[in-house]
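Here's a quick briefing to read with the model open beside you. Keep the viewer handy, as we'll hop between strands, cores, a pocket and a few odd backbone spots.

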Amino acid sequence: MYKVLSLGWGVQSFTLAAMAALGEIEKPDVAIHADTTHEASWTYAHAKKWTPWLEEYGIVVVVVVANHEKKNIIDKWGGMQLPAYTASKNGDGQIRRQCTYEWKIKPMRQWIQVHRNNKPVEMWLGISTDETLRMKNADVKYITNRYPLIEMHMSRLDCAKWLHKHQLDIPKKSACTFCPYHTTNEWRQVKQLQHDWSEAIGVDTMIRHARPPQDLFLHPSRKPLEEVDFRTLEEMGQMRLWDEECSGICGV
Ligand code: SF4
């Protein structure tokens with residue numbers, strides 16, 4: 001069995017890599033990071049800091065990237081990779097996501113096919129107990145997905161606690177700077193970093209008229225990113241009731 005850890009550099013996959021490094025779980029044969037080349041700055045910074053540490057503890061870290069044409073957001077045939085939101089006079093919709101397969105799954109599998117020596121593959125995925133809906137079987141016979149955090153009954157918070165206990169950095173969620181699945185809070189984090197925000201604005205502008213007669217947007221409000229209000233309710237001047245009404249019983 002060829003054991004592969006899918007290393008996205010988010011909290012969960014980094015926890016698995018670090019647990020393997022420190023001997024709390026067995027080591028995978030390889031930890032593969034499929035770099036979309038559009039990851040948030042904090043993900044690249046985290047990877048740069050912690051890759052040498054993992055390698056020092058015997059984890060083999062490999063980075064794979066999609067081939068040049070597929071790396072583009074709009075491919076040369078006009079295909080849109082992102083699950084962008086569409087708006088047209090006939091109604092709103094969303095484009096089918098292709099980026100995860102083209103930028104992550106496919107380059108990872110291409111690398112694995114070359115290196116697995118025909119062994120079956122056990123793919124370790126960093127899905128925690130609070131995300132069980134994301135568990136599924138691989139769609140190819142030679143790969144069996146495995147979920148070590150689920151086996152250890154660990155939630156995302158447990159992972160963060162484990163990293164904290166071992167004095168390791170707790171990474172922010174890993175995703176492309178312009179991911180249409182960002183929550184409001186994630187957009188706010190992107191907006192704080194000039195490089196990441198500029199990239200997201202650039203992509204949002206670039207895709208707008210890529211699929212006429214629809215307009216395409218990165219944000220579900222179907223507004224240009226620069227016009228979206230990412231403020232919290234407090235920042236918009238609405239009062240938070242918790243502080244006044246909660247006496248330490250609710251929401252703790
Ligand atoms: S993070 Fe978002 S944009 Fe990037 S590959 Fe995944 S789904 Fe696509």
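How many bridges join strand E4 to strand E5, and do the two run parallel or antiparallel? There are 4 bridges, and the strands, E4 at residues 85–88 and E5 at residues 91–94, run antiparallel. Bear in mind that this is a predicted model. The rest is grouped by topic below.

**Strand pairing**

- Between E4 and E5 sits a hairpin that connects them through 2 residues.
- If you want a spot to look at in that pair, try Ser 88, which stands opposite Gly 91 in E5.
- E4 also pairs with E8, again in the antiparallel sense, over 3 bridges. Tyr 85 has Phe 217 in E8 as its bridge partner.
- Elsewhere, strand E6 (residues 121–124) is joined to E7 by 4 bridges, and here the strands run parallel.
- In that parallel pair, Glu 122 stands opposite Thr 144 in E7.

**The two sides of E7**

- In a regular strand, side chains alternate between the two faces of the sheet.
- E7 does just that: Ile 143 and Asn 145 point to one face and are buried, while Thr 144 and Arg 146 point to the other face and are not buried.

**The largest pocket**

- Its volume comes to about 1600 Å³.
- The lining of the largest pocket counts 45 residues, and those nearest the pocket centre are Arg 97, Thr 100, Lys 104, Ile 105 and Arg 134.
- Which elements give two or more residues to that lining? They are helix H1 (11–21), helix H4 (99–115) and strand E7 (143–146).
- H4 gives the largest share of the lining, with 8 residues.
- Sorted by class, the lining has 22 nonpolar, 12 polar and 11 charged residues.

**Nonpolar cores**

- In soluble globular proteins, nonpolar side chains tend to be buried together.
- The largest nonpolar core here has 26 residues, and Trp 9, Leu 54 and Leu 168 have the most contacts inside it.
- At least two residues of this core come from each of H1, helix H2 (41–56) and helix H6 (156–165). The largest share, 8 residues, is from H1.
- What does Leu 54 touch, once you set aside its neighbours within four places in sequence? Its contacts are Leu 7, Trp 9, Ala 17, Ala 18, Ala 21, Ile 59 and Val 61.
- Apart from this core lies another one, of 24 residues, including Trp 197, Ile 201, Val 203 and Ile 207.

**Two serines in contact: Ser 6 and Ser 13**

- Ser 6 lies in strand E1 (residues 2–6), and Ser 13 is in helix H1.
- Is Ser 6 buried or exposed? It counts as buried, because its relative accessibility is 19% and the cut-off for buried is under 20%.
- Ser 13 is also buried, because its relative accessibility is 6%.
- Leaving out residues up to four places away in sequence, Ser 6 touches Ser 13, Ile 32, Met 108, Met 123, Trp 124 and Leu 125.
- With the same sequence neighbours left out, up to four places away, Ser 13 touches Leu 5, Ser 6, Leu 7, Gly 8 and Gly 126.
- For a sense of scale, Ser 6 and Glu 186 are 180 residues apart in sequence and 22 Å apart in space, C-alpha to C-alpha.

**Backbone oddities in loops**

- The peptide bond from Pro 212 to Pro 213 is cis, with omega near 10 degrees. Pro 213 belongs to the loop between helix H8 (194–207) and strand E8 (215–217).
- Gln 167 isn't a glycine, yet its phi is positive, at about 55 degrees. You'll find Gln 167 in the loop between H6 and helix H7 (184–191).
- At 71% relative accessibility, Gln 167 counts as exposed, since the exposed class starts over 50%.
- Arg 222, another residue other than glycine, has a positive phi near 55 degrees. The loop between E8 and helix H9 (242–245) holds Arg 222.
- Arg 222 counts as partly exposed, because its relative accessibility is 21%.

How values were computed: Residues numbered from 1 in each chain as written. Predicted model: local features only at pLDDT ≥ 70, side-chain atom pairs only at ≥ 80, totals over all residues. Heavy atoms only, no water. 1 Å grid on protein atoms, 1.4 Å probe; cavity = no way out; pocket = protein on both sides within 12 Å on 5 of 7 lines; lining within 4 Å. Points joined across faces, edges and corners; volume = space filled by probe spheres on them. Nonpolar A, V, L, I, M, F, W, Y, C, P; charged D, E, K, R; others polar. Core = buried A, V, L, I, M, F, W, Y, C linked by side-chain atoms within 4.5 Å. Buried < 20%, exposed > 50% of the residue type's maximum accessible area, 1.4 Å probe, protein only. Contact = heavy atoms within 4.5 Å. Pairing = 2+ DSSP bridges.
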